[in-house]
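Me: Hi! I have a structure open here and would like to talk it through with you. Could you take a look with me?

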Amino acid sequence: MSAPIPPWDPLSDPVLADQRAAYDRMRAACPLAESPRGVTLFRHADVVAAAADPATFSSRVSAHRSVPNSLDPPEHTALRAIVERFFTRERLAALEPRLRAIAGQVVGALPRGATVDAVTGIGYPFAVRAQADWLGWQGIEDQLLAWMADNHAATRSADRSRTAAVAAAFDDLVLAQVRRRRAAGHAASDDPTSELLAVEVDGRTLPDADIVSILRNWTAGDLGSMAAALGVVVHFLATHPQVQADLRARPAGLPAAIDEMLRIDDPFLVNRRVTTVVTRVAGFDLAPGTRVYLNWTSANRDEAVFGDPDAYRPEANAPHNLVYGHGIHVCPGRPLATLELVVAAEALLGATSRIEPAAAPVRESYPLGGWRHVPVRLR
């Protein structure tokens with residue numbers, strides 16, 4: 001029998017004040033820790049091993065079906081293949097000019113010399129306009145922005161009834177897009193939303209619940225993720241003027257640079273799993289049915305893999321970077337996310353001579369990561 005798993009409180013004030021620093025302390029003290037919510041894995045090797053073993057660490061954690069995130073093989077395999085069709089190199093090449101135009105418009109509208117919040121003033125509007133354009137949801141950008149604000153407020157409140165109401169409101173918004181296309185029939189707009197309605201698995205189109213789930217992941221999840229990621233990138237650029245200067249001179253390095261900025265300060269905190277059998281992690285036994293949290297933010301800063309976690313080494317650290325996950329659930333939308341972040345960063349660097357901090361940034365708190373506010377000035 002193994003020793004008891006060390007306890008911790010992931011929602012305590014000291015942790016919530018600076019989650020990244022707290023995870024660094026926990027990782028140094030113990031490979032995993034337990035709270036009433038479940039067991040958290042902090043180290044890179046353990047997180048990678050769990051993510052690579054869906055038979056032992058199942059994704060069927062929630063009562064709510066999420067396609068394909070909450071599915072295990074073999075059901076996951078076919079639905080994952082469908083999702084991946086929408087992120088091919090050819091599709092993104094066709095989308096890129098539209099994203100560049102949107103990035104240019106968002107950046108062009110920003111004031112020079114005044115304080116701008118990189119999260120709410122740059123990340124929110126760019127994410128909403130980019131996703132609405134991609135999915136064919138033009139005209140509801142203001143609704144999406146209002147929903148993002150409501151969702152973040154509800155998430156921070158930890159009030160389940162409030163978060164459920166916000167989630168239901170978003171499902172209604174998505175269903176309205178689906179029903180509009182069904183009503184239009186062959187006259188429906190040619191976009192990924194319409195295409196998803198025609199997708200078949202084993203000769204049958206997807207049920208509306210699965211269509212809504214996929215579209216929810218592409219929007220409700222990705223809008224906040226994109227805004228958070230841009231906040232991290234802009235903060236890093238503002239506080240590392242030499243990196244900013246290097247990327248102005250060599251923008252081709254942006255994809256690798258952005259991945260490394262997000263590794264250093266990963267805003268995508270955790271994913272959940274549940275054990276299906278007795279399993280041993282870092283010398284501790286986990287019983288079947290144990291809820292497990294894969295802490296990506298901590299794993300991406302593991303000194304055993306990266307040395308100094310704050311050292312900026314894009315090429316050296318790229319093979320071990322877990323920003324987009326690992327295993328069968330590695331983010332299928334990574335190519336689109338990378339493209340969006342690159343074109344947004346290029347637009348910012350191309351339209352300014354300097355990005356500088358304007359005031360102290362404010363950290364996000366669980367279950368969100370990264371920064372809540374990043375005040376910067378564009379010169």
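Me: Let's start with A220. Where is the place of A220?
Reply: A220 sits in helix α10. Before we go on, please keep in mind that this is a predicted model.

Me: Noted! Is A220 buried or exposed?
Reply: A220 is buried, because its relative accessibility is 19% and the cut-off for buried is under 20%.

Me: And which residues does A220 touch, leaving out those up to four places away in sequence?
Reply: With those left out, A220 touches W147 and F170. You can also look at A167: its C-alpha is 8.6 Å from that of A220, while the two are 53 residues apart in sequence.

Me: Let's zoom out to the nonpolar cores. How many residues does the largest nonpolar core have?
Reply: The largest nonpolar core has 86 residues, and F126, L196, L215, W218 and L262 have the most contacts inside it. Helix α10 (residues 208–239) gives this core its largest share, 17 residues. Another core lies apart from it and has 17 residues, among them A50, V281, A299 and L322.

Me: Back to L262 then. What is L262 in contact with, leaving aside neighbours within four places in sequence?
Reply: L262 is in contact with A229, V232, V233, P267, V323, Y324 and L341. The contact with L341 leads on to a pair of helices, since L262 in α12 and L341 in α16 are both part of where these helices meet.

Me: Nice, at what angle do α12 and α16 pack?
Reply: Helix α12 (residues 254–264) packs against helix α16 (residues 334–351) at about 105 degrees, and their axes are 10 Å apart. The two helices are therefore roughly perpendicular to each other, as angles of 65 to 115 degrees count that way.

Me: Which residues in α12 and α16 meet?
Reply: From α12 you have L254, P255, I258, D259 and L262. On the α16 side they meet R334, T338, L341, V342, A345, E346 and L349.

Me: Switching to strands. In what order do the five strands of the open sheet come?
Reply: The order is β1-β2-β10-β7-β3, with mixed pairing. At the edges stand β1 (32–35) and β3, and each has a single partner strand, so one side of each has no neighbour in the sheet.

Me: In which sense do β1 and β2 pair?
Reply: They pair in the antiparallel sense, and four bridges link β1 to β2 (residues 38–41). One place to look is E34, which stands opposite V39 in β2.

Me: Which strands does helix α3 lie across?
Reply: Helix α3 (residues 44–51) lies across β2, β3 and β10 (291–295). Its direction makes an angle of about 120 degrees with β10.

Me: What about β14, how does β4 pair with it?
Reply: β4 (residues 115–117) and β14 (residues 375–378) are antiparallel, with three bridges. Strand β11 (residues 355–357) also pairs with β14 in the antiparallel sense over three bridges. V376 in β14 is the bridge partner of V116, and V376 is also the bridge partner of P357.

Me: Now backbone oddities. Which residues does the cis peptide bond with omega about 5 degrees before P74 join?
Reply: That one joins P73 and P74, and P74 is in the loop between β3 (57–58) and α4 (75–84). The bond from Y366 to P367 is cis too, with omega near 5 degrees. P367 lies in the loop between β12 (362–363) and β13 (371–373).

Me: And what is phi of D202?
Reply: Phi of D202 is near 55 degrees, a positive value in a residue other than glycine. D202 is in the loop between β5 (200–201) and β6 (204–205), and counts as exposed because its relative accessibility is 79%. A282 has a positive phi as well, near 50 degrees. A282 sits in the loop between β8 (279–281) and β9 (284–286) and is partly exposed at 38% relative accessibility.

Me: Last one: how many disulfides does a search of the whole structure find?
Reply: Zero. If you want to look at cysteines anyway, C30 is buried at 8% relative accessibility, while C331 is partly exposed at 29%.

Note on methods:
Residues numbered from 1 in each chain as written. Predicted model: local features only at pLDDT ≥ 70, side-chain atom pairs only at ≥ 80, totals over all residues. Heavy atoms only, no water. Disulfide = S-S within 2.5 Å. Buried < 20%, exposed > 50% of the residue type's maximum accessible area, 1.4 Å probe, protein only. Pairing = 2+ DSSP bridges. Contact = heavy atoms within 4.5 Å. Axes fitted to C-alpha atoms, helices over the stretch in contact; angles between N-to-C directions. Core = buried A, V, L, I, M, F, W, Y, C linked by side-chain atoms within 4.5 Å. Parallel < 35°, antiparallel > 145°, perpendicular 65-115°, else oblique.
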